[in-house]
Amino acid sequence: MVKVDGASEKLLRVTLGDLILKNPVMTASGTFGYGQEFTPYFDVNTLGAIVVKGISVLPRRGNPPPRIAETACGMLNSIGLQNDGLDDFVKRKIPYLQSLNTCVIANILGDSIEEYQILAERLSLESAIDAIEVNISCPNVKHGGVAFGVNSKMAHEVVSSIRSSTDKHLMVKLSPNVTNIVDIAKAVEDGGADSISLINTLLGMAIDIHTRKPKLTTIVGGLSGPAIKPVALRMVWQVSQAVKLPVIGIGGISSADDALEFIIAGASAVQVGTSNLINPTSCRSIISGIHDYLVHHNFGSVAKLRSSLIC
Amino acid sequence: MNHSPPNDFRCRVLDNERLTEHIYRLTLESSPIALGCKPGQFVMIRTSSSLDPLLRRPFSIHRVLSDDSFQILYRIVGKGTTNLSRVTRDDILAVIGPLGNFFQLPSARDSNTGICLVAGGMGVAPLLFLAETALRQCPRNPIIVFIGARSEEELVASTSFRSLGLETYEISDDGSCGRQGVVCDLFPLLDLTKQWKFFGCGPTPMLRALASYCSHSHHLCEISLETMMACGLGACLGCVTPRRDDAGYWHVCKDGPVFNLEVLPW
């Protein structure tokens, strides 16, 4: 358990530009609801940040089942970005989020630039929201997985449009399903992002050999979990070297050791996703494991460990 | 007794009894779960201490044995349940629970409403807990139990109902138990001069047949559903089932697993 004293707090505190987090561990969008589902298991205020489930302007009901399939050391999902829409988020979820004593990041998604702008403008009015994470990368599985984030020009355009709609910290979440993620990262930096989070899920599929049908209704879905960690880690390392912005590492983190790999590779902070579904208290042990490593190896802060890869 | 909020527990294995080649009954030690659960609720169990299989598996609570122990009934169907079949006494399992909602029995004052339990195959699992609870909470309500399975081997849980003194009828696809057919073929045995509330759990075709019977004859009915689940906590939104009103989906782990027939599209 992390001792809540001044020394521990200083050790774990991280800054992402203008955003100050009490520790480098955030929850990944889509794996933590809006925070309330996990309150029986641990104090969510101990998290560095909560990134809530993605919000669209209008409610989305998501894809028909089956939406999930287990794979070796991972899982596929095609939830379909189910959410109750912007109005419901503001009326029914913000009051609870306001009561939290940790950083709250709203993840936004859209089919058009206008939609992203509407979301960014409206959420900018909410003091409960400390930052906006822009999902330009969710595989739109009904359209062959193509999204804004696979193309530098589109990525730049959507980020700069959102930039002009908000002063809040803008974290842009990248898709790994691209030819060159460094190009996308640079485009997003140039478009005005304040930080970059990566990776979103990898496109994958699974087949039931007894029925000869795909295991997901949408055939293709997003792969997450430990299986994707080596890909995510490589991309975080590459992007960290190419951009000046803070980088947030996501992908198969289920232990403090995993998180430390991402920090050494260049991440200023990490997001934990699928692991929450298996062990609701994952984040708690990851935070405390990072703390213990820093003490044991004599690093005075997370920032001092960041980008310390020897090669 | 109110049901407790769920938590993440390390539970000691008290027994892992092999009932047939594929069907096991696991007894776990946990007073919070034993004291805090209600019939219809389930637990999520890690079947591996490694990263594969990754996800926990959901199991309905089959029976509360004592103030600090409960049982699940499971069939070996894949990697997770194969692993589970190998655990032995004193092993420790990671268990989250109790989760989900629960069956609503008729009020004890309403002793004219009979309780009819309808089980198909492994759907029998949550209904034993319900039967024991009904005997305690509704001592004057008639109770009848219908169990169907592929063969007599799979009717292994029937003895548990009989030993409670309950009127129990079995039927199997292959007729090896003495009656041949599916569980809904047993409905003519019901005394229809009485009002009944049905509680069903089993394969989808069985649930559809039960739904059809109850709709036509205007019986109240609750069904426990099973789906693929990742978290079981209401976070991932993976475990959906269609709503009758077509206004989106129900989440089996949070809105269920028990549903009133009226809200399902059958």
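These are my notebook entries on two helices, some aromatic rings and two small polar residues in this structure. I am working from a predicted model.

**Entry 1: helix α4 of chain A**

I started with α4 of chain A, residues 152-163. I wanted to know whether its length fits a helix or not, so I compared two spans: at 1.5 Å a residue, its 12 residues should cover 16 Å, and the end C-alpha atoms are 16 Å apart, which agrees. Then I looked up which residues of α4(A) are buried. They are A:Ala155, A:Val158, A:Val159, A:Ser161 and A:Ile162. Looking down the axis of α4(A), I found these buried residues within an arc of 160 degrees, so they line one face of the helix.

What do the buried residues of α4(A) pack against? I noted α3 (113-123), β8 (131-135), β9 (169-173) and α5 (181-190), in chain A. I also checked the start of α4(A), where a side-chain oxygen of A:Asn151 comes to within 2.9 Å of the backbone nitrogen of A:Lys153.

**Entry 2: helix α9 of chain A**

Next came α9 of chain A, residues 282-296. With 15 residues at 1.5 Å each, I expected a span of 21 Å; the end C-alpha atoms are 21 Å apart, which agrees. The buried residues here are A:Ser282, A:Cys283, A:Ile286, A:Ile287, A:Ser288, A:Ile290, A:His291 and A:Leu294. Among the elements covering them I noted α1 (6-12), β3 (25-27), α7 (256-265), β16 (269-272), α8 (274-278) and α10 (302-305) of chain A. After α9(A) comes A:Asn298, which has a positive phi, near 60 degrees.

**Entry 3: aromatic rings**

How many aromatic pairs does the structure hold? I get 15 over all chains. I looked at A:Phe38 and A:Tyr41: their ring centres are 6.5 Å apart and their planes stand at 65 degrees, so I call the pair edge-to-face. Both A:Phe38 and A:Tyr41 are buried.

In chain B I took B:Trp250 and B:Phe259, with ring centres 6.1 Å apart and planes at 40 degrees, so this pair is tilted. B:Trp250 and B:Phe259 are buried too. B:Trp250 also has a charge over its ring: the charged end of B:Arg243 sits there, 4.0 Å from the centre. In chain A, I found the charged end of A:Lys93 over the ring of A:Tyr34, at 4.7 Å from its centre. I also jotted down one aromatic cluster, formed by B:Phe146, B:Tyr169, B:Phe187, B:Phe198 and B:Tyr213.

**Entry 4: B:Ser158**

B:Ser158 is placed in helix α4 of chain B, residues 158-162. Is it buried or exposed? Its relative accessible area is 1%, so it counts as buried. I followed its side chain to the backbone oxygen of B:Leu155, 2.7 Å away. I also found a polar contact of 2.9 Å between the side chains of B:Ser158 and B:Glu170. Skipping residues up to four places away in sequence, I see B:Ser158 touching B:Ile147, B:Thr168 and B:Glu170.

**Entry 5: B:Thr20**

Where does B:Thr20 lie? I placed it in the loop between β1 (7-18) and β2 (23-29) of chain B. Its relative accessibility is 9%, and the cut-off for buried is under 20%, so B:Thr20 counts as buried. A polar atom of its side chain lies 3.1 Å from the backbone nitrogen of B:Ile23. The B:Thr20 side chain also makes a polar contact of 3.0 Å with the side chain of B:Glu153. Setting aside neighbours within four places in sequence, I listed B:Glu153 and B:Val156 as the contacts of B:Thr20.

Definitions and conventions. Residues are numbered from 1 along each chain as its sequence is written. Chains are lettered from A and ligands numbered from 1 in the order in which they are written. This is a predicted model: local features need pLDDT of at least 70, side-chain atom pairs count only at pLDDT 80 or more; totals for chains, interfaces and linings use all residues. Side-chain values use heavy atoms; hydrogens and water are left out. Helices (H or I, at least four residues) and strands (E, at least two) are DSSP runs, numbered from the N terminus. The expected span of a helix is 1.5 Å times one less than its number of residues. Buried means under 20% relative accessible area, exposed over 50%, partly exposed in between (1.4 Å probe, protein chains only). The arc is that of the directions from the helix axis to the C-beta atoms. Contact means heavy atoms within 4.5 Å. A polar contact is a pair of N or O atoms within 3.5 Å; within protein, one must be able to donate a hydrogen and the other to accept it, and residues adjacent in sequence count only if both atoms are side-chain atoms. Rings of Phe, Tyr and Trp (its six-membered ring) pair if their centres lie within 6.5 Å; planes under 30 degrees apart count as stacked, over 60 as edge-to-face and the rest as tilted. A charge sits over a ring if NZ of Lys or CZ of Arg is within 6 Å of the ring centre and within 35 degrees of the ring normal.
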